[in-house]
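Colleague: I have some questions about this model. Could we go through them in order?

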Amino acid sequence: MFYFRQTLLCCILLFSFSLTSLAQQFSDTQIEQRVNALLRKMTLEEKAGQITQLAGMNAHTAEMIKQGKVGSILGVLGAENVNEAQRAAVENSRLKIPLIIGYDVIHGYRTVFPVPLASAGSFDPQLIEQSERVAAKEASASGVKWTFAPMVDIARDPRWGRIVEGAGEDPYLGSVVAAARVRGFQGNNIADPESVVACAKHYVAYGAVEGGRDYNTVDISEELLREVYLPPFHAAVDAGVGTLMSAFNDLNGVPATANHHTLTDILRDEWKFDGFVVSDYNSIHELIAHGVAADDSQASLEALSAGVDMDMADDDYERFIPDLVKSGKLPESVVDEAVRRVLRVKFKAGLFEHPYADPAREKTDILTADSLQIERKMAQESMVLLQNNNDLLPLKKAQTVAVIGPLADDKASQLGSWAGNGQAKDAVTPLEGIVTKLGKEHVLYAKGVDIPPFEKGLAAGVAAPAPTSATGAAGVETSNKAATIEDAVSAANKADTVILFVGELAGMTGEASSRASLELPGDQMKLISAVLATKKPVVLVLESGRPLNISWAPGHVQAIMQAWFLGVQAGNAIADVLFGDASPSARLPLSWPRSVGQIPIYYNHKNTGRPSAPDRWHTGYLDLSNEPLYPFGYGLTYTKFKYSNVSVKSGIVRSITFGGKEGVRGVAGSLHVTAEIENTGKREGTEVVQLYVHDRVAPTSRPVRELKGFQRVTLAPGEHKNVEFTVQANDLGSYDPDMHWIVPAGTYDVWVAPDSASGVAGTFEVQ
Ligand code: NOJ
C-alpha cells in the first residue's frame with residue numbers, strides 16, 4: 001500500500017510538473033469559464049467550505065477537508081505534510097478542489113532576511129524583490145503556496161510593535177516597497193511552482209491604532225485614509241497582488257473586517273481588484289467584541305456582505321453561511337462571488353495542475369549559498385549609519401576590539417520577530433562575524449547585562465538574569481558566571497575600540513508587542529555609562545524593531561549604527577560594514593523621535609496656522625523641540641556628497657480637475673527635476689538621492705514635504721552625476737474636500753535632498 005501510494009504520488013508529481021507551463025497558457029476568459037463551471041457543481045455547503053480557512057491539521061480537519069468543508073489551511077509546513085493534507089482534498093473530496101496552503105513568510109522562510117522595516121530603509125526595490133524571490137522559492141519548496149505578506153501598513157507610532165513588519169511612515173516609499181515585494185513573491189507567473197501568492201495586509205489603517213496599542217481603534221479622516229494609509233495597498237493591487245487580509249481594527253466606527261466602504265466601494269469598485277480578501281485570525285468572530293454583531297451568525301453575514309471572502313480560523317463561514325442563505329438573510333449570489341474569487345486565485349496559481357509540493361526541492365532549495373549571499377547583501381544595505389565622528393568608521397582591522405552587550409551573541413534576536421521557519425542556529429551573531437573578520441585573538445567579549453523579558457503591563461527589570469555559558473558561540477572566552485558590568489569594563493579597558501551591541505530583544509517587537517516607553521530595557525543604560533567611563537572610542541550598534549530613545553548618545557559615543565534585526569547573516573554583514581568591506585547606504589524609513597512624548601512624529605506633517613518656531617505662541621512643546629533626533633530619509637555614508645545645480649522643468653504640467661472618485665489616474669504631463677550630485681570624499685559611496693515636493697496653496701492643506709522619488713547613486717571619489725527625476729502630473733495631486741483628486745494650480749516647492757529635512761531647493765508653477 002505504501003509503495004503504491006508513493007508511486008502514485010511520483011506519477012502525480014511528474015504529471016503536474018509537465019503541466020506547469022500549461023497553467024500559464026490559460027487566458028483570463030478560460031479561467032472564468034473553469035471557475036463558473038466548477039461553481040455550478042458546488043452545493044451550498046461546499047461553497048461555504050471553500051471560503052473557510054482552518055489553522056493547522058488534525059484528524060477532524062482532515063475529515064472536514066474530505067467533506068469539502070475547507071478551502072485553505074494555514075500553518076502546515078513541510079512538503080510531506082502539505083501533500084498529506086492536499087491528498088485529502090484532491091483525492092478524497094467530491095469535487096477534488098485543491099487547498100491553498102498559507103503561512104506567514106514575512107521576511108524570509110528559512111533564509112531569514114532583515115525585518116521588513118530594515119530592508120525598506122535600503123531604498124533598493126530591486127534587491128528587496130530579489131530577497132522575496134528567495135523567500136518564495138524556499139517557502140514553496142516546503143509546500144507553502146500563499147504568504148501572508150507583504151505587510152504594507154503605514155505607521156507613525158513606534159510604540160506599535162508591528163511597525164517592524166512594514167516599510168515605515170511614508171506612503172510613497174511604502175508603495176514602491178509593497179509593489180517590489182509583491183513582484184518578488186509572485187514572480188512573473190504565480191503558477192510557477194517557485195512562486196507564492198502574496199497577501200497585502202492589514203487592510204486598512206491598522207498602523208494608526210490609538211496610543212500605539214495593538215488591535216486598538218482607529219478614527220481618521222477620509223483624506224488621511226486615502227492619502228497615507230491606502231496608497232501602498234493600491235500599489236500592491238496595481239502590481240497584481242492575489243489577495244488582501246482585512247485588519248483587526250475598528251475604522252471610523254466600522255471594524256475593518258465588516259467595512260463595506262473600504263472592502264467594496266474602494267477595493268472592488270474603484271480599484272477593480274479581482275483576487276480575494278481573507279479575514280485576519282478570528283477577526284470575524286471578534287466583530288462581537290467590537291460590538292457590531294450579536295453572534296457569530298450575524299458576524300458572518302456582516303463580514304461576507306462587506307467583502308471579506310475567506311474566513312481565517314474561526315470557522316464561522318462554514319458553520320453559519322448555509323443557514324443564512326436558506327433563511328433568506330444572505331443572497332446566494334454574494335456567496336458565489338466570494339467562492340468565484342477564491343477559485344480564480346487557485347486556478348491562476350496553477351493549483352489544479354500542480355497541487356503537490358516536490359519533496360526533493362525541500363532538500364536542495366533551502367538555505368543555499370546563493371540565498372545566503374543575497375541575504376548578506378540585503379543586510380549590508382539595511383544598516384543606517386546615524387553618526388560617525390572623526391570618521392571612526394570604518395574601523396581598522398589591525399586592532400583589538402571589545403565586543404560588549406546583551407545582543408552581541410544572541411542568535412535568536414538576529415532573526416527578528418515573525419521569522420518564518422527561521423532557526424536560531426542558522427544565525428551568525430555580531431560576535432561571530434567580528435571574530436571571523438579579525439581572528440579571535442583580536443576580540444574580547446563580555447555580555448555585560450541580560451535583557452529581562454517584559455511581563456505584560458509591567459516595566460522590564462524584574463526577571464533574574466540567566467547565567468552565561470563558559471564559551472560563546474564564536475569560541476571567544478566568556479565568563480561562566482552571570483553577565484556583569486565589571487567584566488564589560490575590564491574588556492573595554494584592554495581594547496583599542498569598544499563595539500556596544502544594545503537594543504531590545506526580537507520578541508519585544510511584532511504583534512501584541514506594543515511598548516509605552518522607548519527606553520533601552522533592563523540595565524543597559526548602566527552598562528553603557530560604565531563603558532563610556534573607560535573613555536575608549538565607542539561604536540554604538542543598536543538592534544531593535546523600532547527607534548529607541550538614544551537622545552543621550554550623540555554627545556557621548558563616536559559612532560552610531562542602527563542595525564535593526566538583520567537575519568541569518570546579521571553578524572557577517574555587520575562586520576563587513578563596521579570594518580569597511582561594505583559601505584553603509586541605508587536611510588531611515590521613519591522619523592526618529594527624541595522622546596516618546598513627540599509621538600506621533602512624521603516628516604510629512606501639515607504646517608499649521610502657527611508653524612513651528614522658537615517663540616511660545618507657535619506649535620510645539622515648552623520642554624522639547626518639534627524636530628526628530630534624525631529625520632526620515634536620513635543616513636550617512638563613508639564619504640560625502642555635494643548637491644548643487646537643481647533645475648526644474650514644468651512646462652508640460654497641466655492643471656486638470658477631475659470629477660468623481662474614479663478619476664484618480666491618467667492625466668498627461670510630467671515634471672522633470674535634475675540636480676548634480678558629487679562625491680567630495682575619499683571613498684566610493686552610494687547615496688540615496690530623494691525628491692520632495694510641496695504644494696503651497698491647495699483646497700486642502702498640504703504636508704510640508706512629500707517624497708515623490710528616490711534613486712540610489714554610486715559614485716567614486718571626485719565623480720559627479722546629473723540625477724534626473726520625472727514625476728507624472730497626476731502624482732502631484734491631492735484630494736479636495738469632496739474627495740475629488742485634483743492637481744491644484746499655483747506654485748510648488750521642490751527639493752533634491754539627502755533626507756527630508758535638507759536639500760537643494762527649486763520651485764515650479766502649475767498654470
Ligand atoms: C494574525 C496577524 O495579525 C496576521 O498578520 C497573520 O498573518 C495571521 N495572524 C496569521 O498568522
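Colleague: How many bridges join strand 6 to strand 9?
Modeller: This is a predicted model: local features need pLDDT of at least 70, side-chain atom pairs count only at pLDDT 80 or more, and totals for chains, interfaces and linings use all residues. Residues are numbered from 1 along each chain as its sequence is written, and side-chain values use heavy atoms, without hydrogens and water. Strand 6 (residues 243-246) and strand 9 run parallel. The number of bridges joining them is three.

Colleague: Which residue in strand 9 is the bridge partner of T243?
Modeller: Strands (E, at least two residues) and helices (H or I, at least four) are DSSP runs, numbered from the N terminus. Two strands pair if DSSP finds at least two bridges between them. In strand 9, T243 has as its bridge partner F276.

Colleague: Which strands stand at the edges of the sheet?
Modeller: The open sheet has three strands in the order 5-6-9, with parallel pairing. Two of them have a single partner strand each, so one side of each lacks a neighbour in the sheet. Those are strand 5 (199-203) and strand 9 (276-278).

Colleague: What angle do helix 10 and helix 11 make?
Modeller: Axes are lines fitted to C-alpha atoms, for helices over the stretch in contact, and angles run from 0 to 180 degrees between N-to-C directions. Helix 10 (residues 222-229) and helix 11 (residues 231-238) have axes 5 Å apart. They pack at about 50 degrees.
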